[in-house]
Amino acid sequence: MGLPLQEMLSHFEGVKKATKGTYLALCPVHHDTTASLHITPRDGGYMLHCPACGAGYDAILDASGLTRADIWLDNPGGGGGAGYASSFHGCNSHTPQKRE
């Protein structure tokens with residue numbers, strides 16, 4: 001079972017509420033100073049994307065210590081119908097560089 005919203009957000013720094021249910025946070029993949037990571041609860045899971053560095057699920061999960069099971073509320077395997085992992089498939093190959 002995926003993490004509840006507040007627990008999910010606790011894995012990131014500088015979290016602030018944006019518009020339409022989206023939260024912004026400092027991206028753990030690059031040296032972020034402007035909270036460019038987008039965290040959006042959607043249809044049984046969370047959409048994660050950083051437009052500043054192009055990081056998608058795999059890079060963000062690796063850098064934050066989360067797993068796909070943590071972000072999918074109704075499908076612990078992380079696969080399936082919601083399709084958010086494939087939404088940013090091209091970004092998933094970004095090599096994570098943890099912020100220090």
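A salt bridge here means a side-chain nitrogen of Lys or Arg within 4 Å of a carboxyl oxygen of Asp or Glu. By that test, a search of the whole structure turns up one salt bridge. Keep in mind that this is a predicted model. Beyond that contact, there's an open sheet of four strands, a nonpolar core whose largest example has 23 residues, and one aromatic pair.

**The salt bridge**
- The partners are R68 and D58, and their closest N and O atoms sit 2.7 Å apart.
- This pair links distant parts of the chain: R68 belongs to helix 3 (residues 68–71) and D58 to helix 2, ten residues apart.
- R68 has a relative accessible area of 24%, so R68 counts as partly exposed.
- D58 is partly exposed too, with a relative accessible area of 34%.

**The sheet**
- The four strands run in the order 1-2-3-4, with antiparallel pairing.
- Strand 1 (16–17) and strand 4 (45–49) are at the edges with a single partner strand each, so one side of each has no neighbour in the sheet.
- As a bit of background, strands of a sheet pair through backbone hydrogen bonds, either parallel or antiparallel.
- Strand 3 (residues 37–42) pairs with strand 4 over five bridges, in the antiparallel sense.
- Within that pairing, P41 has Y46 of strand 4 as its bridge partner, while H38 stands opposite H49 in strand 4.
- Strand 3 and strand 4 make a hairpin with two residues between them, and D43 in the turn has a positive phi of about 35°.

**Strand 4 up close**
- Being at an edge of the sheet doesn't leave strand 4 bare: five of its five residues are buried.
- In general, side chains in a regular strand alternate between the two faces of the sheet.
- Here G45, M47 and H49 point one way from strand 4, Y46 and L48 point the other way, and all are buried.
- Helix 2 (residues 57–64) packs on the sheet and touches strand 3 and strand 4, its direction making about 95° with that of strand 4.

**The nonpolar core**
- In soluble globular proteins, nonpolar side chains tend to be buried together.
- The largest nonpolar core in this model holds 23 residues, and the ones with the most contacts inside it are M8, F12, L37, I39, L48 and I71.
- Helix 1 (5–9), strand 2 (23–25), strand 3, strand 4 and helix 2 each put in at least two residues.
- Helix 2 gives the largest share of this core, with five residues.
- If you want one residue to click on, try I39: leaving out residues up to four places away in sequence, I39 touches M8, L9, F12, G21, T22, Y23, A25, Y46, M47 and L48.

**The aromatic pair**
- The count of aromatic pairs comes to one.
- The ring centres of Y57 and W72 are 6.4 Å apart and the planes are at 25°, so the pair is stacked.
- Y57 lies in helix 2, and W72 is in the loop between helix 3 and helix 4 (84–87), so the pair ties together parts that are 15 residues apart in sequence.
- Y57 is buried, with a relative accessible area of 0%, and W72 is buried as well, at 2%.

Key
Residues numbered from 1 in each chain as written. Predicted model: local features only at pLDDT ≥ 70, side-chain atom pairs only at ≥ 80, totals over all residues. Heavy atoms only, no water. Pairing = 2+ DSSP bridges. Contact = heavy atoms within 4.5 Å. Axes fitted to C-alpha atoms, helices over the stretch in contact; angles between N-to-C directions. Buried < 20%, exposed > 50% of the residue type's maximum accessible area, 1.4 Å probe, protein only. Core = buried A, V, L, I, M, F, W, Y, C linked by side-chain atoms within 4.5 Å. Phe/Tyr/Trp six-rings, centres within 6.5 Å; stacked < 30°, edge-to-face > 60°.
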